[in-house]
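Please open the model in a viewer and keep the selection panel at hand. The tour below proceeds by selections, each followed by an account of what is to be found there.

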Amino acid sequence: SGTSIAAATASALTPYQIELTCSLPDDRHQLGGAELYLRGDTLVLTPTLERVGGDLLTRARQAAVLLSIPAGTLRAGTHRVILAGEKTSLAWKLEVR
């Protein structure tokens, strides 16, 4: 499961930032970022989990990361953003000016 904090409006001229917090499946993984897929007016973000090497374990079962979509990536208009999760997904509308 996860949560996100992101503005409902953005400028095409500046990066769009999303603060993502999610639960980790176990103490052998950490949140490494997210992949962004853009098709038409839909953006899909999929969190990337990285396996912790060796005998190391993570200390928390939740992790947070700040994602930044580079300026110029999103064109002006209304977009649908989907944050894909293993069990549930979050979605919101984004107005880019």
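Begin by selecting Thr 9 and Glu 95: Thr 9 stands opposite Glu 95 in strand 8. Strands here are DSSP runs of E with at least two residues, helices are runs of H or I with at least four, and both are numbered from the N terminus. The model is a predicted one, in which local features need pLDDT of at least 70 and side-chain atom pairs count only at pLDDT 80 or more, while totals for chains, interfaces and linings use all residues. Residues are numbered from 1 along each chain as its sequence is written, and side-chain values use heavy atoms, with hydrogens and water left out.

**The first pair of strands**

Add Ala 10 to the selection; Ala 10 stands opposite Val 96 in strand 8. Strand 2 and strand 8 (residues 90-96) pair in the parallel sense over two bridges; two strands are said to pair if DSSP finds at least two bridges between them.

Now centre the view on Glu 95, which is found in strand 8. Is Glu 95 buried, partly exposed or exposed? Glu 95 is partly exposed, with a relative accessible area of 29%. Under the cut-offs applied, buried means under 20% relative accessible area, exposed means over 50%, and partly exposed lies in between (1.4 Å probe, protein chains only). Not counting residues up to four places away in sequence, Glu 95 touches Ala 8, Thr 9, Ala 10, Gly 77 and Thr 78; contact means heavy atoms within 4.5 Å. A distance label between the C-alpha atoms of Glu 95 and Pro 70, 25 residues apart along the chain, should give 16 Å.

**The open sheet**

Select strand 7 (77-83) next. Strand 7 and strand 8 run antiparallel and are joined by seven bridges. Gly 77 has Val 96 in strand 8 as its bridge partner. The two strands form a hairpin, with six residues between them.

Widen the selection to the whole sheet. Five strands form this open sheet in the order 2-8-7-5-4, with mixed pairing. Its edge strands are strand 2 (9-10) and strand 4 (29-39), each of which pairs on one side only.

**Strand 3 and its two faces**

Move to strand 3 (16-23). Strand 3 pairs with strand 6 in the antiparallel sense over eight bridges, and Ile 18 has Leu 67 in strand 6 as its bridge partner. In a regular strand the side chains alternate between the two faces of the sheet. Colour the covered face of strand 3, made up of Tyr 16, Ile 18, Leu 20 and Cys 22, apart from the uncovered one, made up of Gln 17, Glu 19, Thr 21 and Ser 23.

Pause at Thr 21, which is partly exposed, with a relative accessible area of 21%. The C-alpha atoms of Thr 21 and Val 65, 44 residues apart along the chain, are separated by 6.6 Å.

**The nonpolar core**

Which residues have the most contacts inside the largest nonpolar core? They are Tyr 16, Ile 18, Leu 74 and Leu 94, in a core of 18 residues. Strand 3 gives the most to this core, with four residues. A nonpolar core is a set of buried Ala, Val, Leu, Ile, Met, Phe, Trp, Tyr and Cys residues joined through side-chain atoms within 4.5 Å.

Select Tyr 16 and display its surroundings. Leaving aside neighbours within four places in sequence, Tyr 16 is in contact with ten residues' worth of the list that follows: Ala 6, Ala 7, Thr 9, Ala 10, Leu 67, Ser 68, Ile 69, Leu 74, Trp 92 and Leu 94.**The cavity**

Tyr 16 also belongs to the lining of the largest cavity, together with Ala 10, Ser 11, Ala 12, Thr 14, Pro 15, Ile 69, Pro 70, Ala 71, Gly 72, Thr 73 and Leu 74. On a 1 Å grid over the protein atoms alone, a cavity is a set of points where a 1.4 Å probe fits but cannot get out, and lining residues have an atom within 4 Å of a point. The largest cavity has a volume of about 40 Å³, a volume being the space filled by probe spheres set on the points, which are joined across faces, edges and corners.

**The whole chain**

Finally, zoom out. The protein has eight strands and zero helices, and its C-alpha trace spans about 45 × 25 × 20 Å along its principal axes. Buried residues make up 25% of the 97 residues.

Key
On a 1 Å grid over the protein atoms alone, a cavity is a set of points where a 1.4 Å probe fits but cannot get out, and a pocket is an open set with protein on both sides within 12 Å along at least five of seven lines; lining residues have an atom within 4 Å of a point.
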